[in-house]
Amino acid sequence: MLGRPEYRRALVFCGLIGVPVALIAFWFLVAIHELERLLWTDWPKDLGWQHAPWWWGLPLFTVAGLIVGLVVTHLPGRGGHVPAGGLHSGGITRQALPGVLIAALVGLPLGTVLGPEAPLIAMGGGLALLFANLARAPETDSSRALLGAAGAAAAISALFGNPVVGAVLLMEVAGVGGPQLFAVMLPVLLASGVGDLIFAGFVHWTGFETGSLNIGLPKPPPLDWADVLWSLLLAPVLGFLVHWLFVGGRYTARFVSTRTLRNTTLCALGAAAFVTLYAVATGRSPAEAALSGESALADLAQNPHAWPVGALVAVLVFKGLAYTLCLGSLRGGPVFPALFLGGAAGVLLAPLPGLGLVPAMAAGMAASVTAALRLPVSSVILVVLLLGNVDNVALVVLAAVTSFVLVQLLPQGPEIPAFGEQPSRSGKAPGPATTRRKPHSAPRDEG
């Protein structure tokens with residue numbers, strides 16, 4: 001393939017497109033983070049509160065619901081993919097870019113319990129097609145797919161700060177290889193995790209060394225059998241719970257498919273009510289139950305003792321319910337709220353006999369994000385990247401595979417449409433390799 005001149009030209013063009021896409025993705029993420037801090041931290045303090053008051057989310061979510069509802073009903077592309085359907089890489093058009101940007105730049109900072117990864121994928125793919133059109137590059141189905149995937153990978157890598165995560169995520173999202181990919185990948189991933197676990201156990205038990213790639217950085221305590229057993233119990237429970245949050249999101253999407261503007265606003269208000277209940281019940285900032293959870297996850301990992309048991313239980317319940325409503329009605333990505341819920345569950349259960357904080361958070365995050373994305377390899381890489389070490393990889397793999405197998409066997413709920421389509425009234429949600437992807441073709445909703 002590298003011997004074909006057209007492929008080499010496409011390779012160079014994709015590399016060039018990555019430059020402006022990454023720069024725009026950088027400023028997009030900066031804008032979201034700065035707006036979040038302004039709305040949820042700076043303004044409350046400027047008005048004399050220590051943190052945002054309990055009612056703070058009610059007006060913000062209302063505005064978010066109204067604007068996202070208007071985008072969905074009046075702009076091409078309906079503001080992007082419905083998050084309850086997971087991540088998608090296809091179907092983006094240049095005409096859909098304004099709606100995607102408005103829905104994300106307004107909805108996410110105002111408190112939507114979703115992350116920026118799905119808008120980044122759509123934005124990166126749309127920008128790549130836009131630049132290709134401006135450069136008058138020949139357009140075919142294959143070239144559009146290649147450029148869209150390249151642009152999406154460049155944008156998503158800016159979020160995760162790692163090109164490997166972006167590339168692997170886009171390969172799994174695009175379903176390269178079809179069902180055979182998952183059929184081969186899952187047993188290989190499981191076998192490698194078990195092999196690593198047994199190997200590490202024998203090294204620790206016998207004291208013999210076989211050589212390694214370790215360069216001498218500080219290591220966490222070695223895993224023991226209690227960590228493994230607790231994690232194998234934790235993973236299916238969390239996978240089960242996150243799966244049903246997504247099923248609830250799919251039913252929410254079906255509810256929003258009629259009278260979209262009104263019902264989107266109602267769902268946003270419902271999410272605000274759960275955020276408010278969290279703040280009233282705990283006396284803590286409603287921002288902990290709102291937003292994507294990206295910043296709160298870092299605080300949770302660094303200061304787990306600052307979160308009482310009651311606050312952990314409350315954030316799991318109320319943020320989880322708000323997440324369900326946002327998955328079906330607003331626009332954003334499902335990754336960071338799932339990571340936060342898994343991490344919070346890990347911190348809550350870490351005091352169990354023999355279970356450490358790092359293994360508990362590792363298993364919790366792996367199980368939750370795998371249940372949300374149905375992308376086991378990407379989930380493993382992402383969690384390992386967040387942990388910052390490779391000593392818990394086997395645990396992460398086992399939790400991810402256990403969660404993936406379980407959620408694939410459960411009822412999936414209503415089907416979620418591809419980019420720009422109206423939600424279906426019946427049927428089952430497709431798996432990651434069979435999700436339909438079509439360009440925007442649905443009639444506009446009357447709101």
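Are arginine 284 and glutamate 288 buried or exposed? Arginine 284 is buried, and glutamate 288 is buried as well. Keep this pair in mind as we look around the structure.

## How confident is the model?

What you see here is a predicted model. Its average pLDDT is 81, and 77% of the residues reach at least 70. Confidence drops below 50 over residues 209–218, a stretch with 3 contacts in the model beyond its near neighbours in sequence.

Another stretch to view with care is residues 423–447, where pLDDT also stays under 50. For these residues the model has 74 contacts beyond four places in sequence.

## The nonpolar core

In soluble globular proteins, nonpolar side chains tend to be buried together. Here, the largest nonpolar core counts 114 residues. Trp40, Leu120, Tyr323 and Leu339 are the ones with the most contacts inside this core.

Tryptophan 40 is a good place to start exploring. Setting aside neighbours within four places in sequence, tryptophan 40 touches a list of residues that includes Ala52, Trp56, Leu60 and Phe61. Also among its contacts are Pro109, Leu110 and Gly111, along with Pro286, Ala287, Ala290 and Leu291.

## A helix with two sides

Next, find helix H10, which spans residues 294–302. Which residues of this helix are buried? They are Ala296, Leu297 and Leu300. These three sit on the same side of H10, because they cover an arc of only 105° around the axis. Turn to the other side of H10 and you meet Ser295 and Gln302, which are exposed.

What lies over the buried residues of H10? The cover includes four helices: H11 (309–329), H12 (335–349), H13 (357–373) and H14 (376–387).

## Two salt bridges

Side chains of opposite charge can pair when their charged atoms come close. How many salt bridges does a search of the whole structure find? The search finds 2.

One joins arginine 37 to glutamate 34, with 2.7 Å between the closest N and O atoms. Both residues belong to helix H1 (residues 5–46) and are 3 residues apart, about one turn of the helix. Arginine 37 is partly exposed, with a relative accessible area of 43%, and glutamate 34 is partly exposed too, at 39%.

The other brings us back to the opening pair: arginine 284 forms a salt bridge with glutamate 288, and their closest N and O atoms are 2.9 Å apart. Both of these partners are buried, whereas arginine 37 and glutamate 34 are partly exposed.

Technical notes
Residues are numbered from 1 along each chain as its sequence is written. This is a predicted model: local features need pLDDT of at least 70, side-chain atom pairs count only at pLDDT 80 or more; totals for chains, interfaces and linings use all residues. Side-chain values use heavy atoms; hydrogens and water are left out. pLDDT is the predictor's confidence in each residue, from 0 to 100. Contact means heavy atoms within 4.5 Å. A nonpolar core is a set of buried Ala, Val, Leu, Ile, Met, Phe, Trp, Tyr and Cys residues joined through side-chain atoms within 4.5 Å. Buried means under 20% relative accessible area, exposed over 50%, partly exposed in between (1.4 Å probe, protein chains only). Helices (H or I, at least four residues) and strands (E, at least two) are DSSP runs, numbered from the N terminus. The arc is that of the directions from the helix axis to the C-beta atoms. A salt bridge is a side-chain nitrogen of Lys or Arg within 4 Å of a carboxyl oxygen of Asp or Glu.
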